[in-house]
Amino acid sequence: MTSNTRVVVIGAGIAGVRLARRLGELGVPVTLIGEEEHRPYNRVLLAEVLAGRYSPDVIALPAPAELTRARVTGIDRAGRTVECADGTKIAYGTLVLATGSNPVLPPLRGLFSPDHVLPEGVHAFRTMDDCLGLSKAVRPGTKAVVIGGGLLGVSAARALALRGAQVVLAQQSERLMERQLDPSASKLVRRHLTDLGVEIHTECRVRDVRCVGGTVRSVEMSDGYALDADLVVLACGVHPRVGLAQISGLDVRKGVVVDDELRTSDPHIRAIGDCAQHDGTVYGLATPALEQADVLAESLAGRTHARYTGTRSLTRLTLAGQTAFDLAAFGETEALPGDDVVQLADATRGTYRKVVVRDDRLVGGVLVGELGTVGALARAWEGAEPLPSDGGPLLHLLTNDGGS
Ligand SMILES: Cc1cc2nc3c(=O)[nH]c(=O)nc-3n(C[C@H](O)[C@H](O)[C@H](O)COP(=O)(O)OP(=O)(O)OC[C@H]3O[C@@H](n4cnc5c(N)ncnc54)[C@H](O)[C@@H]3O)c2cc1C
């Protein structure tokens, strides 16, 4: 058993697939285990499938040769094996958890049956199955209610509107995508969705999902107002999928705790992607998941003393369609007292650019509709180098696209 050098990866999402491919290239034997029936795919592009812009094939990931379709239900740390739902046991030298996230299901009355099945017409939006289920259910004129106005809810609302649904988006807080955007950029996202026909309710708390005969009929707000609904999308965030790690006795806080070598509290088990918590952070984003996979591949191949020191990750959202709408946001998009801020807005064209600078360093920014400078800004932010102080560098940052 101790001579087993096989790496077993649980989870064939973005992180698991990238790791398995890299290990394959580096000559390390690897088994990838994934529970989803579909070919591994790029989850970030699911909204484009829902919008009808891409077919599922287009978002497939180049999968490594050895993919076992199974759900892992237990880890025997002492015997170094994992057990699958069908009773199969697979031995590992090193185990990698790349189990991703689960959608948060809000505590609404009417949502849960004793067997934990969502009512007919109510969908999460996380997997290809969720996406295909939604896609099958939506028709022109379908009354759809999206609960949640973060990145996921905005993407889902827009995709359903492009499919001809009458969409209402219910957001609990006062503006859309508040985690990534400042108020001005949120307003532009709102305008874009409104132009597509989406009705947006902010500061609006949903308290009940009403069903008849197991099928959703309406959604009730906390003020008693009810919205008719043929379709409800739950876009209320995600939480790291840590159940396996917990029952195996690993150190789990928000996510599975890992060090700079992506090692959990068991030296034979590593964790990457949405399920991992590094230096107090669970990212829940694609770029950190890929960077962690790359570092871990190097580390497991014994190539370097590869270390993961965190990711400064940019959020990008492209809402293509008849009216394309691009945005990118990074770091702190709202200024603190004493920060320097430069913003350029063009209400007619719907563009908006803003950077926040603190002590001569770029600490954040948001660009809507005009992304020519995003590469230069991201480099300045990632490098955290002091900005030149010879007058006008802020405006220069916003207007220089690197080529002009
Ligand atoms: C619609 C949508 C849009 C998004 N847009 C963006 C975006 O614009 N930018 C961005 O950065 N991020 C975005 N994200 C988030 C991004 O998709 C995740 O951060 C990324 O997928 C994380 O990759 P992962 O491999 O860690 O996890 P996942 O992609 O969740 O993959 C985990 C896989 O593990 C499998 N698994 C779990 N447990 C087991 C088990 N016990 N046995 C077998 N298999 C198991 C799961 O079924 C799943 O296939 C979006 C997500 C969604 C759903």
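Select Cys275 and display its sulfur: the closest cysteine sulfur, in Cys84, is 17 Å away, too far for a bond. In this predicted model, local features need pLDDT of at least 70 and side-chain atom pairs count only at pLDDT 80 or more, while totals for chains, interfaces and linings use all residues. Residues are numbered from 1 along each chain as its sequence is written, and side-chain values use heavy atoms, with hydrogens and water left out.

Searching the whole structure gives zero disulfides (pairs of cysteine sulfur atoms within 2.5 Å). Move next to Cys84, which is in no disulfide. Cys84 is buried at a relative accessible area of 2%, and Cys275 is buried at 0% (buried means under 20% relative accessible area, with a 1.4 Å probe and protein chains only).

Now select the ligand and its shell of 31 residues, counting a residue if one of its heavy atoms lies within 4 Å. The closest are Glu35, Glu36, Arg43, Arg126 and Asp274. By class, the shell holds 15 nonpolar, eight polar and eight charged residues; here Ala, Val, Leu, Ile, Met, Phe, Trp, Tyr, Cys and Pro count as nonpolar, Asp, Glu, Lys and Arg as charged, and the others, Gly among them, as polar.

Show the backbone N and O atoms next. An oxygen atom of the ligand lies 2.8 Å from one such atom of Ala15. For Leu285 the corresponding distance is 3.3 Å, and for Ala286 it is 2.9 Å. Taken alone the ligand exposes 1000 Å², of which the protein buries 94% (Shrake-Rupley method, 1.4 Å probe).

Conventions
Buried means under 20% relative accessible area, exposed over 50%, partly exposed in between (1.4 Å probe, protein chains only). A polar contact is a pair of N or O atoms within 3.5 Å; within protein, one must be able to donate a hydrogen and the other to accept it, and residues adjacent in sequence count only if both atoms are side-chain atoms.
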